[in-house]
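Biologist: I'd like to go through this model with you and ask how each label was earned. Shall we look at it together?

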Amino acid sequence: MNRTSRPSEDFLTDPVFHVSSLDAVAWLRAQASESVDLLITDPAYESLEKHRAIGTTTRLKHSKASSNDWFAVFPNARFPELFAEAFRVLKRNTHLYLFCDAETMFIAKPEAERAGFRFWKPLVWDKKTIGMGYHYRARYEFILFFEKGKRRLNDLGVADVITVPRVHRGYPAEKPPAVSAILVEQSSARGELVADPFMGSGSVGVAALEAGRRFTGTDLNPEAVRLTTERLRAFAPDAANDARREPEQLGFIDTRP
Ligand SMILES: C[S@@+](CC[C@H](N)C(=O)[O-])C[C@H]1O[C@@H](n2cnc3c(N)ncnc32)[C@H](O)[C@@H]1O
């Protein structure tokens with residue numbers, strides 16, 4: 001589904017999403033304990049700075065909403081507070097998926113385990129074509145698969161390599177919703193709440209709402225909040241028809257009556 005198309009009529013009777021512009025940890029702290037059914041996220045990890053330095057990652061487009069060429073980086077030193085809060089807000093028997101590169105994986109995995117998560121394995125997102133770079137040009141990313149308590153995957157026949165073409169000329173480090181769609185289908189049920197505290201262009205939110213789940217997320221970047229709001233509004237006709245509200249004003253949206 002493209003960004004402007006509308007979901008089919010039989011989609012959801014009660015579509016709902018929340019979008020915030022708070023810092024990821026501050027936003028998680030504001031969520032109730034054991035309130036989230038699935039967390040899928042893609043932090044702006046420190047090692048992205050290296051890809052930026054050699055020009056291998058897309059920059060933010062200039063717009064009225066953003067004068068930055070790049071988004072803020074989330075320091076590795078903040079992983080302990082991020083995972084502690086993620087563990088607290090997740091319900092018992094749930095999953096956490098963390099997109100990251102080979103370098104960040106070795107830092108994030110022990111920190112998540114210290115917070116209480118069980119690490120299962122890295123999944124591989126195979127982007128099908130090579131990217132830029134110099135030494136073994138990048139074709140994959142990892143998605144670390146963690147568990148709080150014990151939850152069975154919905155389909156035990158799904159492979160640990162997810163093959164989906166990369167997004168070209170999108171938001172920096174944008175992920176295709178088709179990748180998150182597999183994680184959503186595997187680790188949540190219809191009507192459950194999926195969260196992403198580094199939502200970027202909202203790809204996790206799109207995957208969640210397309211699959212009949214609810215979505216809540218945040219991003220420090222105003223352009224990310226605007227873009228996510230625009231994409232998710234396609235699933236919420238009431239919000240989409242409310243002409244009095246500008247996307248930039250919608251730090252929080254609840255489409256339920
Ligand atoms: C790698 S991008 C996420 C891309 C997203 N998965 C997508 O498909 O578009 C990381 C995002 O984290 C945001 N970010 C950086 N530091 C943050 C923080 N402390 N709290 C919340 N968001 C933050 C950035 O603005 C950026 O949009």
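Biologist: Which residue of β5 is the bridge partner of Leu-96?

Modeller: Phe-146 is the bridge partner of Leu-96 in β5. Keep in mind that this is a predicted model.

Biologist: What makes strand β3 and strand β5 a pair?

Modeller: Two strands pair if DSSP finds at least two bridges between them. Strand β3 (residues 90-100) and strand β5 (residues 140-148) have seven bridges, in the antiparallel sense, so they count as paired.

Biologist: And how do you know that β4 and β5 pair?

Modeller: By that rule of at least two bridges: strand β4 (residues 118-126) joins β5 over eight bridges, again antiparallel. One example is Leu-123, whose bridge partner in β5 is Ile-143.

Biologist: Why is Phe-83 of helix α3 called buried?

Modeller: A residue is called buried because 20 or more other C-beta atoms lie within 10 Å of its own. Phe-83 is on the buried list for α3 (residues 79-89), along with Phe-79, Leu-82, Glu-85, Ala-86, Phe-87 and Val-89. These buried residues pack against α1 (24-30), β2 (36-41), β3, α4 (102-115) and β5. Across the protein chain, buried residues make up 42% of the 257 residues.

Biologist: What makes a residue part of the shell around the ligand?

Modeller: Its C-beta atom has to lie within 6 Å of the ligand. There are 21 residues around the ligand, and Phe-71, Gly-200, Ser-201, Ser-203 and Asn-221 come nearest. The shell divides into 11 nonpolar, five polar and five charged residues. Gly-200 is among the nearest, and Gly counts as polar by definition.

Terms used:
Residues are numbered from 1 along each chain as its sequence is written. This is a predicted model: local features need pLDDT of at least 70, side-chain atom pairs count only at pLDDT 80 or more; totals for chains, interfaces and linings use all residues. Helices (H or I, at least four residues) and strands (E, at least two) are DSSP runs, numbered from the N terminus. A residue is buried if 20 or more other C-beta atoms lie within 10 Å of its own, exposed if 12 or fewer, and partly exposed in between; C-beta atoms are placed from the backbone. Two residues are in contact if their C-beta atoms, placed from the backbone, lie within 7 Å.
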